[in-house]
Amino acid sequence: MKRAYTISRSIEIGLRFIGMWPDSAYPNLYWFSYVTTVAIVQYYQYTYIFVHFDSNNLWLLMDCLSLSLAYSLAFLKLLVLWWNRRIFHYIVKMIDQDWNEYIINDLHRSIMTSMAGLSRRFANITFSFYAFSAFFLTIGEHLIQSMDDGNQFSNNSRELPIKMEFPFDVSKSPIFECLLIGQFLYDMVIAFVVGLINALLVASILHVTGQIEIMQQDLIEISNGKYDRATFILVIKSLICKHQKIITLSENIETLFTHIALMQVLWNTLVMCCTGFVIVVIVSNGEDTTNLIKSVSYYIAIIMEVFVYCFAGEFLSAKSKSIGDAVYESLWYNLPPSDSRIILFMMLRCQKRLTITAGRVFDLTLEGFTSIMKASVSYVSVLNAMY
(Lines give C-alpha, C1' and ligand atoms only; values in the text may rest on other atoms or scores of the structure.)
Protein backbone atom coordinates (compact mmCIF):
# COMPACT_ATOMS: atom_id res chain seq x y z
CA MET A 1 0.00 0.00 0.00
CA LYS A 2 1.33 3.41 -0.96
CA ARG A 3 1.96 5.68 2.00
CA ALA A 4 -0.22 8.78 2.13
CA TYR A 5 0.93 12.26 3.09
CA THR A 6 -1.04 15.12 4.60
CA ILE A 7 0.36 17.41 1.90
CA SER A 8 -1.33 15.96 -1.17
CA ARG A 9 0.36 15.25 -4.48
CA SER A 10 -1.41 18.15 -6.21
CA ILE A 11 -0.08 20.59 -3.59
CA GLU A 12 3.42 19.16 -3.95
CA ILE A 13 3.30 19.60 -7.73
CA GLY A 14 2.18 23.20 -7.32
CA LEU A 15 4.96 23.91 -4.83
CA ARG A 16 7.50 22.43 -7.22
CA PHE A 17 6.07 24.67 -9.95
CA ILE A 18 6.86 27.81 -7.94
CA GLY A 19 10.18 26.42 -6.65
CA MET A 20 9.14 26.03 -3.00
CA TRP A 21 9.26 22.26 -2.50
CA PRO A 22 12.42 20.99 -0.73
CA ASP A 23 15.08 19.51 -3.03
CA SER A 24 13.15 20.46 -6.18
CA ALA A 25 15.13 21.02 -9.37
CA TYR A 26 16.06 24.62 -10.25
CA PRO A 27 13.85 26.27 -7.60
CA ASN A 28 15.37 29.74 -8.07
CA LEU A 29 14.73 29.63 -11.82
CA TYR A 30 11.08 28.58 -11.42
CA TRP A 31 10.37 31.15 -8.74
CA PHE A 32 12.14 34.02 -10.56
CA SER A 33 10.42 33.23 -13.87
CA TYR A 34 7.00 33.16 -12.27
CA VAL A 35 7.49 36.32 -10.20
CA THR A 36 8.90 38.19 -13.21
CA THR A 37 5.87 37.26 -15.30
CA VAL A 38 3.47 38.47 -12.60
CA ALA A 39 5.42 41.73 -12.20
CA ILE A 40 5.28 42.45 -15.95
CA VAL A 41 1.52 41.85 -16.13
CA GLN A 42 1.02 44.01 -13.03
CA TYR A 43 2.86 46.85 -14.75
CA TYR A 44 0.39 46.88 -17.66
CA GLN A 45 -2.58 46.58 -15.29
CA TYR A 46 -1.62 49.56 -13.14
CA THR A 47 -0.65 51.55 -16.25
CA TYR A 48 -4.24 51.13 -17.46
CA ILE A 49 -5.57 52.39 -14.11
CA PHE A 50 -3.35 55.48 -14.16
CA VAL A 51 -4.09 56.29 -17.81
CA HIS A 52 -7.87 55.84 -17.48
CA PHE A 53 -8.22 57.25 -13.98
CA ASP A 54 -11.34 59.37 -13.81
CA SER A 55 -13.22 60.20 -10.63
CA ASN A 56 -16.38 60.62 -12.69
CA ASN A 57 -16.14 56.98 -13.82
CA LEU A 58 -15.78 55.39 -10.39
CA TRP A 59 -17.33 52.11 -11.54
CA LEU A 60 -14.58 51.41 -14.10
CA LEU A 61 -11.90 52.35 -11.57
CA MET A 62 -13.24 49.95 -8.93
CA ASP A 63 -13.61 47.16 -11.50
CA CYS A 64 -9.99 47.42 -12.64
CA LEU A 65 -8.59 48.07 -9.17
CA SER A 66 -10.18 44.98 -7.62
CA LEU A 67 -8.43 42.62 -10.05
CA SER A 68 -5.13 44.48 -9.84
CA LEU A 69 -5.13 44.35 -6.05
CA ALA A 70 -5.93 40.63 -6.07
CA TYR A 71 -3.01 39.87 -8.38
CA SER A 72 -0.74 42.09 -6.29
CA LEU A 73 -1.74 40.08 -3.24
CA ALA A 74 -0.75 36.84 -4.98
CA PHE A 75 2.58 38.45 -5.89
CA LEU A 76 3.25 39.50 -2.28
CA LYS A 77 2.28 36.05 -0.99
CA LEU A 78 4.95 34.49 -3.20
CA LEU A 79 7.54 36.92 -1.83
CA VAL A 80 6.61 36.07 1.77
CA LEU A 81 6.68 32.33 1.08
CA TRP A 82 10.09 32.61 -0.54
CA TRP A 83 11.41 34.67 2.36
CA ASN A 84 10.19 32.00 4.84
CA ARG A 85 11.07 28.99 2.70
CA ARG A 86 13.39 27.56 5.38
CA ILE A 87 10.51 27.52 7.84
CA PHE A 88 8.37 25.78 5.26
CA HIS A 89 11.08 23.18 4.63
CA TYR A 90 11.25 22.57 8.39
CA ILE A 91 7.47 22.07 8.51
CA VAL A 92 7.64 19.52 5.67
CA LYS A 93 10.45 17.73 7.49
CA MET A 94 8.42 17.54 10.72
CA ILE A 95 5.39 16.20 8.84
CA ASP A 96 7.53 13.54 7.20
CA GLN A 97 9.00 12.55 10.57
CA ASP A 98 5.51 12.15 12.03
CA TRP A 99 4.54 9.82 9.19
CA ASN A 100 7.69 7.75 9.68
CA GLU A 101 7.03 7.54 13.42
CA TYR A 102 3.33 6.68 13.45
CA ILE A 103 2.93 4.59 10.30
CA ILE A 104 3.60 1.36 12.26
CA ASN A 105 0.63 1.92 14.59
CA ASP A 106 -2.71 0.95 13.04
CA LEU A 107 -4.78 3.47 15.05
CA HIS A 108 -2.36 6.31 14.45
CA ARG A 109 -2.07 5.43 10.75
CA SER A 110 -5.84 5.45 10.44
CA ILE A 111 -6.10 8.95 11.94
CA MET A 112 -3.31 10.36 9.78
CA THR A 113 -4.64 8.72 6.62
CA SER A 114 -8.06 10.22 7.35
CA MET A 115 -6.51 13.69 7.66
CA ALA A 116 -4.55 13.11 4.45
CA GLY A 117 -7.79 12.21 2.68
CA LEU A 118 -9.46 15.40 3.91
CA SER A 119 -6.48 17.43 2.77
CA ARG A 120 -6.54 15.84 -0.68
CA ARG A 121 -10.28 16.40 -1.14
CA PHE A 122 -10.03 20.02 0.02
CA ALA A 123 -7.15 20.67 -2.38
CA ASN A 124 -9.08 19.19 -5.32
CA ILE A 125 -12.22 21.21 -4.48
CA THR A 126 -10.18 24.39 -4.04
CA PHE A 127 -8.34 24.03 -7.35
CA SER A 128 -11.59 23.24 -9.17
CA PHE A 129 -13.38 26.21 -7.62
CA TYR A 130 -10.61 28.69 -8.49
CA ALA A 131 -10.30 27.27 -12.01
CA PHE A 132 -14.05 27.75 -12.48
CA SER A 133 -13.80 31.37 -11.26
CA ALA A 134 -10.79 32.07 -13.50
CA PHE A 135 -12.60 30.66 -16.52
CA PHE A 136 -15.61 32.95 -16.03
CA LEU A 137 -13.31 35.88 -15.41
CA THR A 138 -11.63 35.55 -18.81
CA ILE A 139 -12.90 33.13 -21.47
CA GLY A 140 -16.39 32.77 -19.98
CA GLU A 141 -16.96 36.52 -19.95
CA HIS A 142 -15.75 36.83 -23.54
CA LEU A 143 -18.00 34.00 -24.73
CA ILE A 144 -21.08 35.48 -23.05
CA GLN A 145 -20.23 38.91 -24.41
CA SER A 146 -19.79 37.46 -27.91
CA MET A 147 -23.22 35.81 -27.78
CA ASP A 148 -24.87 39.04 -26.64
CA ASP A 149 -23.00 41.28 -29.05
CA GLY A 150 -24.18 41.18 -32.65
CA ASN A 151 -21.07 43.10 -33.73
CA GLN A 152 -18.63 40.72 -32.11
CA PHE A 153 -16.41 40.76 -35.21
CA SER A 154 -16.03 44.51 -35.02
CA ASN A 155 -12.68 45.59 -33.65
CA ASN A 156 -14.24 48.41 -31.68
CA SER A 157 -16.43 46.07 -29.61
CA ARG A 158 -13.67 43.75 -28.45
CA GLU A 159 -12.08 44.37 -25.06
CA LEU A 160 -9.81 42.18 -23.00
CA PRO A 161 -11.39 40.77 -19.82
CA ILE A 162 -8.39 41.90 -17.73
CA LYS A 163 -7.88 45.58 -18.49
CA MET A 164 -4.29 46.36 -19.55
CA GLU A 165 -2.68 49.31 -21.30
CA PHE A 166 -0.46 48.25 -24.22
CA PRO A 167 1.47 50.51 -26.63
CA PHE A 168 -0.35 48.95 -29.61
CA ASP A 169 -3.90 48.24 -30.75
CA VAL A 170 -5.09 45.04 -29.08
CA SER A 171 -8.44 44.82 -30.89
CA LYS A 172 -6.96 43.57 -34.16
CA SER A 173 -6.70 39.90 -35.03
CA PRO A 174 -4.73 37.80 -34.26
CA ILE A 175 -3.28 40.00 -31.50
CA PHE A 176 -6.56 40.06 -29.61
CA GLU A 177 -6.95 36.27 -29.69
CA CYS A 178 -3.36 35.70 -28.57
CA LEU A 179 -3.71 38.15 -25.67
CA LEU A 180 -7.06 36.62 -24.70
CA ILE A 181 -5.53 33.15 -24.49
CA GLY A 182 -2.53 34.57 -22.63
CA GLN A 183 -4.79 36.27 -20.09
CA PHE A 184 -6.73 33.05 -19.62
CA LEU A 185 -3.55 31.05 -18.94
CA TYR A 186 -2.21 33.79 -16.66
CA ASP A 187 -5.42 33.97 -14.69
CA MET A 188 -5.55 30.18 -14.34
CA VAL A 189 -1.99 30.13 -12.99
CA ILE A 190 -2.72 32.95 -10.53
CA ALA A 191 -5.87 31.16 -9.38
CA PHE A 192 -3.91 27.93 -8.99
CA VAL A 193 -1.25 29.63 -6.84
CA VAL A 194 -3.88 31.32 -4.64
CA GLY A 195 -5.69 28.01 -4.18
CA LEU A 196 -2.33 26.31 -3.56
CA ILE A 197 -1.47 28.58 -0.63
CA ASN A 198 -4.94 28.09 0.88
CA ALA A 199 -4.71 24.31 0.46
CA LEU A 200 -1.24 24.31 2.02
CA LEU A 201 -2.54 26.14 5.09
CA VAL A 202 -5.45 23.73 5.50
CA ALA A 203 -3.18 20.70 4.98
CA SER A 204 -0.81 21.94 7.69
CA ILE A 205 -3.67 22.58 10.11
CA LEU A 206 -5.15 19.14 9.40
CA HIS A 207 -1.82 17.51 10.17
CA VAL A 208 -1.63 19.30 13.51
CA THR A 209 -5.21 18.23 14.17
CA GLY A 210 -4.28 14.63 13.46
CA GLN A 211 -1.40 14.81 15.94
CA ILE A 212 -3.76 16.23 18.56
CA GLU A 213 -6.22 13.36 18.04
CA ILE A 214 -3.38 10.83 18.35
CA MET A 215 -2.34 12.44 21.62
CA GLN A 216 -5.92 12.24 22.89
CA GLN A 217 -6.02 8.52 22.11
CA ASP A 218 -2.77 7.97 23.99
CA LEU A 219 -4.11 9.88 26.98
CA ILE A 220 -7.14 7.59 27.11
CA GLU A 221 -4.87 4.54 27.10
CA ILE A 222 -2.58 5.64 29.92
CA SER A 223 -5.50 6.62 32.15
CA ASN A 224 -6.83 3.06 32.07
CA GLY A 225 -4.06 1.94 34.42
CA LYS A 226 -2.56 -0.68 32.08
CA TYR A 227 1.03 0.39 32.69
CA ASP A 228 3.35 -0.20 35.60
CA ARG A 229 5.22 2.64 37.24
CA ALA A 230 8.32 2.54 35.00
CA THR A 231 6.32 2.18 31.81
CA PHE A 232 3.96 4.98 32.83
CA ILE A 233 6.86 7.40 33.28
CA LEU A 234 8.20 6.55 29.83
CA VAL A 235 4.78 6.93 28.22
CA ILE A 236 4.05 10.23 29.93
CA LYS A 237 7.46 11.57 28.86
CA SER A 238 6.71 10.62 25.27
CA LEU A 239 3.35 12.41 25.53
CA ILE A 240 5.02 15.55 26.85
CA CYS A 241 7.53 15.45 23.98
CA LYS A 242 4.68 14.89 21.52
CA HIS A 243 2.78 17.86 22.92
CA GLN A 244 5.87 20.05 22.60
CA LYS A 245 6.28 18.94 18.96
CA ILE A 246 2.67 19.90 18.30
CA ILE A 247 3.25 23.35 19.81
CA THR A 248 6.48 23.82 17.84
CA LEU A 249 4.84 22.76 14.57
CA SER A 250 1.88 25.06 15.19
CA GLU A 251 4.19 27.99 15.94
CA ASN A 252 6.13 27.41 12.72
CA ILE A 253 2.89 27.28 10.72
CA GLU A 254 1.79 30.49 12.39
CA THR A 255 5.13 32.14 11.55
CA LEU A 256 4.86 31.03 7.92
CA PHE A 257 1.31 32.30 7.40
CA THR A 258 0.95 35.24 9.82
CA HIS A 259 2.06 37.95 7.37
CA ILE A 260 0.23 36.27 4.50
CA ALA A 261 -2.92 36.27 6.66
CA LEU A 262 -2.47 39.97 7.50
CA MET A 263 -2.16 40.89 3.84
CA GLN A 264 -5.09 38.62 3.07
CA VAL A 265 -7.37 40.38 5.55
CA LEU A 266 -6.39 43.94 4.59
CA TRP A 267 -6.20 43.35 0.83
CA ASN A 268 -9.37 41.31 0.60
CA THR A 269 -11.29 43.92 2.59
CA LEU A 270 -10.37 46.45 -0.12
CA VAL A 271 -11.06 44.00 -2.94
CA MET A 272 -14.46 43.01 -1.50
CA CYS A 273 -15.25 46.69 -1.15
CA CYS A 274 -14.39 47.41 -4.81
CA THR A 275 -16.10 44.31 -6.18
CA GLY A 276 -19.17 44.79 -3.99
CA PHE A 277 -19.51 48.35 -5.26
CA VAL A 278 -19.30 47.12 -8.86
CA ILE A 279 -22.05 44.55 -8.18
CA VAL A 280 -24.29 47.21 -6.60
CA VAL A 281 -23.84 49.53 -9.60
CA ILE A 282 -24.57 46.73 -12.10
CA VAL A 283 -27.69 45.63 -10.22
CA SER A 284 -28.88 49.24 -9.95
CA ASN A 285 -28.53 49.77 -13.68
CA GLY A 286 -30.28 46.48 -14.44
CA GLU A 287 -28.01 45.74 -17.41
CA ASP A 288 -24.67 44.19 -18.28
CA THR A 289 -25.32 40.56 -17.33
CA THR A 290 -21.80 39.60 -18.42
CA ASN A 291 -20.07 41.83 -15.89
CA LEU A 292 -22.55 40.80 -13.21
CA ILE A 293 -21.69 37.09 -13.61
CA LYS A 294 -17.98 37.90 -13.63
CA SER A 295 -18.16 40.14 -10.56
CA VAL A 296 -20.36 37.79 -8.53
CA SER A 297 -18.15 34.75 -9.20
CA TYR A 298 -15.07 36.80 -8.36
CA TYR A 299 -16.70 38.16 -5.19
CA ILE A 300 -17.59 34.66 -4.00
CA ALA A 301 -13.99 33.52 -4.58
CA ILE A 302 -12.64 36.42 -2.51
CA ILE A 303 -15.07 35.72 0.34
CA MET A 304 -14.18 32.03 0.35
CA GLU A 305 -10.49 32.91 0.50
CA VAL A 306 -10.92 34.98 3.67
CA PHE A 307 -13.27 32.38 5.14
CA VAL A 308 -10.70 29.59 4.70
CA TYR A 309 -8.10 31.51 6.71
CA CYS A 310 -10.53 32.44 9.48
CA PHE A 311 -12.01 28.94 9.68
CA ALA A 312 -8.54 27.36 9.80
CA GLY A 313 -7.58 29.60 12.73
CA GLU A 314 -10.85 28.86 14.53
CA PHE A 315 -10.48 25.11 13.94
CA LEU A 316 -6.90 25.04 15.27
CA SER A 317 -7.88 27.00 18.38
CA ALA A 318 -10.79 24.67 19.12
CA LYS A 319 -8.62 21.58 18.67
CA SER A 320 -5.89 22.95 20.94
CA LYS A 321 -8.44 23.37 23.72
CA SER A 322 -9.47 19.75 23.31
CA ILE A 323 -6.03 18.58 24.51
CA GLY A 324 -6.65 20.08 27.94
CA ASP A 325 -10.16 18.63 27.95
CA ALA A 326 -8.79 15.18 27.10
CA VAL A 327 -6.30 15.39 29.95
CA TYR A 328 -9.01 16.46 32.38
CA GLU A 329 -11.44 13.78 31.22
CA SER A 330 -8.85 11.02 31.58
CA LEU A 331 -9.02 8.84 34.70
CA TRP A 332 -6.21 10.72 36.42
CA TYR A 333 -7.93 10.29 39.81
CA ASN A 334 -7.36 6.53 39.55
CA LEU A 335 -3.62 7.05 39.32
CA PRO A 336 -1.25 7.28 42.29
CA PRO A 337 -0.89 10.87 43.58
CA SER A 338 2.70 11.15 42.36
CA ASP A 339 1.62 10.18 38.84
CA SER A 340 -1.53 12.31 38.78
CA ARG A 341 0.54 15.41 39.60
CA ILE A 342 2.40 14.95 36.31
CA ILE A 343 -0.96 14.95 34.52
CA LEU A 344 -1.85 18.22 36.25
CA PHE A 345 1.31 19.84 34.89
CA MET A 346 0.23 18.75 31.42
CA MET A 347 -3.12 20.43 31.98
CA LEU A 348 -1.36 23.68 32.83
CA ARG A 349 0.74 23.45 29.68
CA CYS A 350 -2.38 22.83 27.58
CA GLN A 351 -3.78 26.21 28.59
CA LYS A 352 -1.56 27.79 25.93
CA ARG A 353 -3.95 28.07 23.00
CA LEU A 354 -2.71 27.35 19.49
CA THR A 355 -3.87 29.79 16.86
CA ILE A 356 -3.15 31.52 13.56
CA THR A 357 -2.80 35.29 13.75
CA ALA A 358 -2.86 38.05 11.17
CA GLY A 359 0.52 39.74 11.56
CA ARG A 360 0.53 38.73 15.25
CA VAL A 361 -2.03 41.50 15.76
CA PHE A 362 -5.31 39.57 16.08
CA ASP A 363 -6.44 35.96 15.88
CA LEU A 364 -8.15 34.57 12.80
CA THR A 365 -11.57 33.42 13.96
CA LEU A 366 -15.08 33.19 12.57
CA GLU A 367 -15.94 36.27 14.62
CA GLY A 368 -13.14 38.08 12.80
CA PHE A 369 -14.61 36.94 9.48
CA THR A 370 -17.94 38.56 10.32
CA SER A 371 -16.11 41.77 11.26
CA ILE A 372 -14.35 41.78 7.88
CA MET A 373 -17.66 41.31 6.07
CA LYS A 374 -19.28 44.12 8.07
CA ALA A 375 -16.38 46.46 7.29
CA SER A 376 -16.46 45.72 3.55
CA VAL A 377 -20.23 46.25 3.38
CA SER A 378 -19.85 49.57 5.22
CA TYR A 379 -17.25 50.75 2.71
CA VAL A 380 -19.50 49.70 -0.18
CA SER A 381 -22.34 51.80 1.22
CA VAL A 382 -20.01 54.82 1.50
CA LEU A 383 -18.83 54.42 -2.11
CA ASN A 384 -22.40 53.99 -3.30
CA ALA A 385 -23.38 57.22 -1.54
CA MET A 386 -20.47 59.04 -3.24
CA TYR A 387 -21.25 57.60 -6.69
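These are my notebook entries on ring pairs, two backbone angles, and the cavities and pockets of this structure.

**Entry 1: the model**

I am working from a predicted model, and I keep that in mind for each entry below.

**Entry 2: aromatic pairs**

I began with the aromatic rings, and the count of aromatic pairs came to 13. I looked up the pair of Y44 and F166, whose ring centres lie 4.8 Å apart with their planes at 35°. Planes under 30 degrees apart would count as stacked and those over 60 as edge-to-face, so I entered this pair as tilted.

I then asked where the two partners sit along the chain, and the pair turned out to link distant parts of it, with their positions 122 residues apart. Y44 belongs to helix α2, which spans residues 27–51, whereas F166 is found in the loop between α5 (106–148) and α6 (175–222).

Are Y44 and F166 buried or exposed? Y44 has a relative accessible area of 25% and is therefore partly exposed, while F166, at 15%, counts as buried because the limit for that class is under 20%. I also noted that ring pairs join Y43, Y44, F166 and F168 into a cluster, so that the tilted pair of Y44 and F166 is part of a wider group of rings.

**Entry 3: a pair within one helix**

Next I turned to F307 and F311, whose ring centres are 5.7 Å apart and whose planes meet at 25°, so I recorded the pair as stacked. Both residues lie in helix α8 (residues 289–329), and their separation of 4 residues is about one turn of the helix. I looked up how open each of them is, and found F307 partly exposed at 29% relative accessibility and F311 partly exposed as well, at 42%.

**Entry 4: a charge over a ring**

What sits over the ring of W82? I found the charged end of R85 there, at 4.3 Å from the centre of the ring.

**Entry 5: positive phi angles**

I looked for residues that have a positive phi although they are not glycines, and I noted D23, with a phi of about 65°, and R360, with a phi of about 60°. D23 is placed in the loop between α1 (9–17) and α2, and its relative accessibility of 81% makes D23 exposed. R360 lies in the loop between β1 (357–358) and β2 (362–363), and R360 is exposed too, with a relative accessible area of 52%.

**Entry 6: the largest cavity**

I moved on to empty space inside the model. Rolling a probe the size of a water molecule over the atoms shows where such space is left. The search of the whole structure gave 5 cavities of 30 Å³ or more, and the largest cavity has a volume of about 240 Å³.

Which residues lie closest to the centre of the largest cavity? Of the 18 residues that line it, I wrote down Y71, Y130, I190, A191 and Y298 as the closest. At least two lining residues come from each of α3 (58–83), α5, α6 and α8, and α3 gives the largest share, with 5 residues. By kind, the lining of the largest cavity divides into 14 nonpolar, 2 polar and 2 charged residues.

**Entry 7: the second largest cavity**

The second largest cavity has a volume of about 50 Å³. I listed its lining as D63, S66, L67, L137, T275, V278, K294, S295 and Y298, and I noted that Y298 is also among the residues closest to the centre of the largest cavity. α3, α7 (229–285) and α8 each supply at least two residues of this lining, which I sorted into 4 nonpolar, 3 polar and 2 charged.

**Entry 8: the second largest pocket**

I closed with an open space, the second largest pocket, which holds about 300 Å³. It is lined by 15 residues, and those nearest its centre are F122, T126, V202, M304 and V308. At least two lining residues come from each of α5, α6 and α8, with the largest share, 6 residues, supplied by α8.

How many of the residues lining the second largest pocket are nonpolar, polar and charged? I counted 13 nonpolar and 2 polar residues, and no charged residue in this lining.

How values were computed
Residues are numbered from 1 along each chain as its sequence is written. This is a predicted model: local features need pLDDT of at least 70, side-chain atom pairs count only at pLDDT 80 or more; totals for chains, interfaces and linings use all residues. Side-chain values use heavy atoms; hydrogens and water are left out. Rings of Phe, Tyr and Trp (its six-membered ring) pair if their centres lie within 6.5 Å; planes under 30 degrees apart count as stacked, over 60 as edge-to-face and the rest as tilted. Buried means under 20% relative accessible area, exposed over 50%, partly exposed in between (1.4 Å probe, protein chains only). A charge sits over a ring if NZ of Lys or CZ of Arg is within 6 Å of the ring centre and within 35 degrees of the ring normal. On a 1 Å grid over the protein atoms alone, a cavity is a set of points where a 1.4 Å probe fits but cannot get out, and a pocket is an open set with protein on both sides within 12 Å along at least five of seven lines; lining residues have an atom within 4 Å of a point. Grid points are joined across faces, edges and corners, and a volume is the space filled by probe spheres set on the points. Ala, Val, Leu, Ile, Met, Phe, Trp, Tyr, Cys and Pro count as nonpolar, Asp, Glu, Lys and Arg as charged, and the others, Gly among them, as polar.
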